[in-house]
Amino acid sequence: MKNIDEYYVPWVKGIPMYISGHIELAWRKPELHRMMSNENPNPPSEKVLAAIDKYARMANRYPDQGLVLRGKIAEINGLGGAKNVLLGNGSSEVFDNIFRIFLAPGEEVIQHTPCFGIYKLRCTILGGKLVSVPMVYKDKKLLYDPDSILKAVTDKTKIIVIANPNNPTGNFMDGKDFVRIAETGIPFVVDEAYIEYAGLGMSQVGLTKRFKNVIITRTLSKAYGLAGMRLGYALADKDVIGQISAALLPWNVGTIPMWAALAALEDTEALEYRVKYNNSEVDFIQESLSDVPGLVIFPSKANYILFDCGATGKKGKDMVAYAEQKGLIFRPETEKYGSDGWFRITIGSKEENRMAVEVVREFLTS
Ligand SMILES: Cc1ncc(COP(=O)(O)O)c(C=O)c1O
């Protein structure tokens, strides 16, 4: 009898389960303030809670394919209809579905770094090779580098993925550069998880009408404040959505998240409140810390702010440890561009943001 080790698909062997240590810590110690995972500090609106309550009572039934929700999403985005929209268990699952359809073992995915970690995770599990193109750190800014992304294309490139705005840098790539990448014809995923904070006017969704290879991903986890519901979606040409749908698990999205999402999308006042609140708190934190000597603050159009405190002589990981002692969970960032001063803060409640400002100033100026 052979050992089970000999049966594992070679490229998955030894890959551990992904666990977010910060989220585990936050649930284990609810007394700590969560400023690490780009969640929304506002709980769901009353309208969303009413939908959750209503559909919780039908949880004995299987969900449908979400035609009402998909139709609403298409309408908001000026697309033809439900067939242009695919739903997922968070946009994380949407990436997985897209990658399964386009990527075979040994083929390549191009991403920009620093960025969100899920693209690498899904690429690796499928036996793909991740090609990371660094952003350019110049004049206290981290800039997109579309020329280098285009240069990294090979005949093995099967997906290019760009987050817009990017996490953790919080900035946008120029519209014309999206067109240049789309013109390669390579499946091009534009991750717009945080787009609502800047407004849908910044979206590249219009490109899906010109280019069949452009796929936009979104989530209800951020500006809509439903991270725990797990609802994300993709927008693209209807034939492309139809083909990606082949990778969907039957009933991948539950009844409650679907109808909660519809209620959230219809509750435009609640969204407006959350966006306004977030953007004024981003301004507050950026302005309050702008005079800390040596601290680089990356102007953000999302619900988090990236910092590099390398020039203060302090380390990002020590900043994060100090904040935790003071009751706040910040997000550490890996060493890059010759600096070990990186950390990221998610916008919290007013009280949390003021505590954060105080803690950062205290640590970096003492
Ligand atoms: C850029 C980006 N895309 C996607 C996601 C994942 O969101 P979801 O909760 O929809 O899986 C995140 C979460 O932090 C993110 O930062």
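Select N166 and P114: a polar atom of the N166 side chain sits 2.9 Å from the backbone oxygen of P114. The model is predicted, and this pair is the starting point of the tour.

**Around N166**

Stay on N166, in the loop between β7 (157-163) and α7 (175-182). Is N166 buried or exposed? Its relative accessible area is 1%, so N166 counts as buried. Show its contacts next. Leaving out residues up to four places away in sequence, N166 touches P114, C115, M135, Y144, N171 and Y304.

**Two cis peptide bonds**

Move to P114, in the loop between β3 (108-113) and α5 (118-125). The peptide bond from T113 to P114 is cis, with omega near 0°. Now select P165, which is found in the loop between β7 and α7. Here a cis peptide bond joins N164 and P165, and omega is about 0°. For context, most peptide bonds are trans.

**The ligand**

Select the ligand and display the residues around it. Which residues come nearest? Of the 13 around the ligand, these are S91, S92, D191, Y194 and T219. By class, the shell divides into 4 nonpolar, 6 polar and 3 charged residues. Colour helix α4 (residues 90-102) as well: with 4 residues, α4 gives the largest share of the shell.

Three distances to oxygen atoms of the ligand can be drawn from here:

- S91: a backbone N or O atom lies 2.6 Å from a ligand oxygen.
- T219: a side-chain N or O atom is 2.5 Å from a ligand oxygen.
- S221: a side-chain N or O atom is 2.6 Å from a ligand oxygen.

Switch on the surface to see how the ligand is covered. Taken alone, the ligand exposes 400 Å², and the protein buries 93% of that.

**The nonpolar cores**

Hide the ligand and select L69, F188 and L220. Among the 59 residues of the largest nonpolar core, these three touch the most other members. Helix α11 (residues 255-266) supplies the largest share of this core, 7 residues. Centre on F188 and show what surrounds it. Apart from neighbours within four places in sequence, F188 is in contact with I160, I162, F178, I181, A182, N213, V214 and I215. A second core, separate from this one, has 26 residues, including F343, V357, V359 and L364. In soluble globular proteins, nonpolar side chains tend to be buried together.

**D267**

Go to D267, in the loop between α11 and α12 (268-289). D267 is a buried residue, because its relative accessible area is 8%. Which residues does D267 contact, beyond neighbours within four places in sequence? They are S45 and K47. Measure from C-alpha to C-alpha between D267 and S45: the two are 8.1 Å apart in space and 222 residues apart in sequence.

**Two residues with positive phi**

Most residues other than glycine have a negative phi. Two stops remain. Select D139, in the loop between β5 (136-138) and β6 (141-143). D139 is not a glycine, yet its phi is positive, about 50°. With a relative accessibility of 66%, D139 counts as exposed.

The last selection is W251, in the loop between α10 (238-244) and α11. Its phi is also positive, at about 55°, although W251 is not a glycine. Is W251 buried or exposed? Its relative accessible area is 53%, so W251 is exposed.

Key: Residues are numbered from 1 along each chain as its sequence is written. This is a predicted model: local features need pLDDT of at least 70, side-chain atom pairs count only at pLDDT 80 or more; totals for chains, interfaces and linings use all residues. Side-chain values use heavy atoms; hydrogens and water are left out. A residue is near a molecule or strand if one of its heavy atoms lies within 4 Å of it. A polar contact is a pair of N or O atoms within 3.5 Å; within protein, one must be able to donate a hydrogen and the other to accept it, and residues adjacent in sequence count only if both atoms are side-chain atoms. Accessible areas come from the Shrake-Rupley method with a 1.4 Å probe; for residues, only the protein chains shown count as cover. Ala, Val, Leu, Ile, Met, Phe, Trp, Tyr, Cys and Pro count as nonpolar, Asp, Glu, Lys and Arg as charged, and the others, Gly among them, as polar. A nonpolar core is a set of buried Ala, Val, Leu, Ile, Met, Phe, Trp, Tyr and Cys residues joined through side-chain atoms within 4.5 Å. Buried means under 20% relative accessible area, exposed over 50%, partly exposed in between (1.4 Å probe, protein chains only). Contact means heavy atoms within 4.5 Å.
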